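Got your viewer open? Load the model, switch to cartoon, and keep the selection box handy.

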Amino acid sequence: MRKKKRNDKLKPYLLGTLFGYTAMILTILPAALILSMMRSASKGAGAAAVISLMIGGFVCGKTTGLVRKRDGLKTGMLCGLIFSVPIILITIIFSSKTDGSLFLKTALCVAFAAVGGVSGVNSSEER
């Protein structure tokens, strides 16, 4: 009796999102430690958050591209959107005002995830 092959279309995206959030947290922790030692920590907190978001988005897209192995740009952009949904929701819930930074963070996350997706697909090819 043959086993049915499971069609896991969401597996690359969930794996990529998991690795992306792990990379984001591992990036923001040293930044938070450094900022806590500085006197003007509030000035650098936004930059550290954006940098960690970009790194997390890139890792998210790269992991998804490595697992899926095709359509790197589309895969990375979709993974970047999935990656940024919780960030958008948290910002909307806890922020009293909405400015252009939410759109900028989402666009940076999607762009870096798309670059990561292309990089992941291209690195998995045998030369």
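Here is a walk through the chain, one selection at a time.

**Whole chain**

Start with everything shown, and keep in mind that this is a predicted model. The chain has four helices and zero strands, and reading from the N terminus the order of elements is α-α-α-α. Colour by accessibility next: out of 127 residues, 29% count as buried. If you draw a contact map, look away from the diagonal. Among contacts with a separation of 6 or more, 83% join residues that sit 24 or more positions apart.

**Helix H1**

Select residues 11-37, which make up H1. Put a distance between the C-alpha atoms at its two ends: they are 40 Å apart, and this agrees with the 39 Å that 27 residues should span at 1.5 Å a residue. Now show the buried side of the story by selecting Pro12, Tyr13, Gly16, Thr17, Gly20, Ala23, Met24, Ala31 and Leu35, which are buried in H1.

Zoom in on Gly16, a residue of helix H1. Is Gly16 buried or exposed? With a relative accessible area of 0%, Gly16 is buried. Beyond the neighbours within four places in sequence, Gly16 is in contact with Cys60, Thr63, Thr64 and Cys79. For a distance label, pick the C-alpha atoms of Gly16 and Val67: they are 51 residues apart along the chain but separated by 8.4 Å.

**Thr64, on helix H2**

Hop to one of those partners of Gly16, Thr64, which lies in helix H2. Thr64 counts as buried because its relative accessibility is 0%. Show what surrounds Thr64: once neighbours within four places are set aside, the contacts are Pro12, Tyr13, Gly16, Lys69, Thr75 and Cys79. Pro12, Tyr13 and Gly16 in that set are also on the buried list for H1.

**The loop between H2 and H3**

Follow the chain out of H2, whose residues are 41-68. Lys69 is found in the loop that leads from H2 to H3. Check its backbone: phi of Lys69 is near 70°, a positive value in a residue other than glycine. At 55% relative accessibility, Lys69 counts as exposed.

Asp71 has its place in the loop between H2 and H3 too. Phi of Asp71 is near 55°, again positive in a residue that is not glycine. Asp71 counts as partly exposed, at 37% relative accessibility.

**H1 against H3**

Now bring up H1 together with H3, residues 72-94. How do these two helices lie relative to each other? Their axes come within 10 Å and cross at roughly 55°, so H1 and H3 are oblique to each other. The crossing is right-handed. To see the contact, show sticks for Tyr13, Gly16, Thr17, Gly20, Tyr21 and Met24 on the H1 side, and Thr75, Leu78, Cys79, Ile82, Phe83, Pro86 and Ile87 on the H3 side. Colour these by class and you get nine nonpolar residues, four polar and no charged.

**H3 against H4**

Keep H3 on screen and add H4, residues 100-123. The axes of H3 and H4 are 7 Å apart, with an angle of about 150°, so the two helices are roughly antiparallel to each other. H3 passes H4 in a right-handed crossing. On H3, select Gly72, Leu73, Gly76, Met77, Gly80, Leu81, Phe83, Ser84, Ile88, Thr91 and Ile92; on H4, select Leu102, Thr106, Cys109, Val110, Ala113, Ala114, Gly117, Val118 and Val121. By class, this contact holds 13 nonpolar, seven polar and no charged residues.

Pick out one of the H4 residues there, Thr106. Which residues does Thr106 touch, leaving out those up to four places away in sequence? Thr106 touches Ser84 and Ile88. At 15% relative accessibility, Thr106 counts as buried.

**Last stop: Ser101**

Slide back along H4 to Ser101, which has its place in that helix. Ser101 is partly exposed, with a relative accessible area of 29%. Finish with one more distance label, from Ser101 to Val50: these residues are 51 apart along the chain, and their C-alpha atoms are separated by 9.8 Å.

Technical notes: Residues are numbered from 1 along each chain as its sequence is written. This is a predicted model: local features need pLDDT of at least 70, side-chain atom pairs count only at pLDDT 80 or more; totals for chains, interfaces and linings use all residues. Side-chain values use heavy atoms; hydrogens and water are left out. Buried means under 20% relative accessible area, exposed over 50%, partly exposed in between (1.4 Å probe, protein chains only). Contact means heavy atoms within 4.5 Å. Axes are lines fitted to C-alpha atoms, for helices over the stretch in contact, and angles run from 0 to 180 degrees between N-to-C directions. Angles under 35 degrees count as roughly parallel, over 145 as roughly antiparallel, 65 to 115 as roughly perpendicular and the rest as oblique. A crossing is left-handed if the near helix is turned anticlockwise from the far one by less than a right angle, and right-handed if clockwise. Ala, Val, Leu, Ile, Met, Phe, Trp, Tyr, Cys and Pro count as nonpolar, Asp, Glu, Lys and Arg as charged, and the others, Gly among them, as polar. The expected span of a helix is 1.5 Å times one less than its number of residues.
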